[in-house]
Amino acid sequence: MSISDLTPHDLLAEAGIEDTPLRHQVVRLLSEADRPLAAPDILELVRREQSINKVSLYRILDLLVEHGLVRRLSSPAPPDRAFRYCLPGGGKPHHCHFYCTRCRKMECLDCTEAPAVLERLASGRGLVVMSSDIRLDGLCAECASKAGLEP
Ligand SMILES: [Zn+2]
Ligand SMILES: [Zn+2]
């Protein structure tokens, strides 16, 4: 079964998290987005349907990250300091990301080999890897064509 077949309820249950309306909505938004989202974006999307304060949202995100359902990605370079949250990382193998420095959108790359290769390399040297976060920075296709640059 692929992650797209799983409902937010299934995903929460699998991660051992109790389903509440707010958690449900956060998981649904992240799974529908299919790209990592920053907390302020999630806050705005949740508020279209339910009221939520920032603290509650951060608590929910922390819970989802602690249970391994959602991955918290390192923040891009200043002034964009917002952590992104990726749900596909919970159900799919760990993958890489791309960040556009112009429009500040982050995308999931369908690449699971690079993290696996690096983790094997590290373990071969006796290093114990707890997590990894591989990101390429540059211009997305749309921004590259606006800038007149070929990818
Ligand atoms: Zn862009
Ligand atoms: Zn991702």
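Student: Which elements do the buried residues of helix H3 pack against?
Tutor: A word on the basis: this is a predicted model in which local features need pLDDT of at least 70 and side-chain atom pairs 80 or more, while totals for chains, interfaces and linings use all residues. Residues are numbered from 1 along each chain as written, chains are lettered from A and ligands numbered from 1 in written order, and side-chain values use heavy atoms, without hydrogens or water. Helices (H or I, at least four residues) and strands (E, at least two) are DSSP runs numbered from the N terminus, and contact means heavy atoms within 4.5 Å. The packing partners of H3's buried residues are helix H2 (21-33), strand E1 (37-38), helix H4 (54-66) and strand E3 (84-86).

Student: How many degrees of arc do the buried residues of H3 cover around the axis?
Tutor: In H3 (residues 39-47), the buried ones (under 20% relative accessible area, with over 50% exposed and partly exposed in between; 1.4 Å probe, protein chains only) are Ala39, Ile42, Leu43 and Val46. They sit on the same side of H3 because their arc, taken from the axis to the C-beta atoms, is only 105°.

Student: Strand E3 leads me to Cys86; which metal ion has Cys86 as a donor?
Tutor: Cys86 lies in strand E3 and is buried, at 0% relative accessible area. Its SG joins His95 (NE2), His97 (NE2) and Cys108 (SG) as protein donors (N, O or S within 2.8 Å of the metal; 3.2 Å for Na, K and Ca), at 2.0 to 2.3 Å. The ion they hold is zinc (ligand 2).

Student: What is the geometry at the zinc ion (ligand 2)?
Tutor: Its 4 donor atoms make angles of 102 to 119°. Four donors with all angles between 85 and 135 degrees get the label used here, so this site is tetrahedral.

Student: How far apart in sequence are the parts tied together by cysteine 103 and cysteine 143?
Tutor: Both give SG atoms to the zinc ion (ligand 1), along with Cys100 and Cys140, at 2.3 Å. Cysteine 103 lies in the loop between strands E4 (96-100) and E5 (106-109), and cysteine 143 in helix H7 (residues 141-146), so the separation is 40 residues.

Student: Is cysteine 143 buried or exposed?
Tutor: Cysteine 103 is partly exposed, at 32% relative accessible area. For cysteine 143 the value is 5%, so that residue is buried.

Student: With which side chain does the side chain of histidine 94 make a polar contact?
Tutor: Histidine 94 lies in the loop between helix H5 (88-91) and E4 and is buried, at 13%. At 3.3 Å, its side chain makes a polar contact with that of arginine 71.

Terms used
Polar contact = N/O pair within 3.5 Å; in protein donor to acceptor, adjacent residues only side chain to side chain. Tetrahedral: all angles 85-135°; square planar, octahedral: opposite > 155°, others 65-115°.
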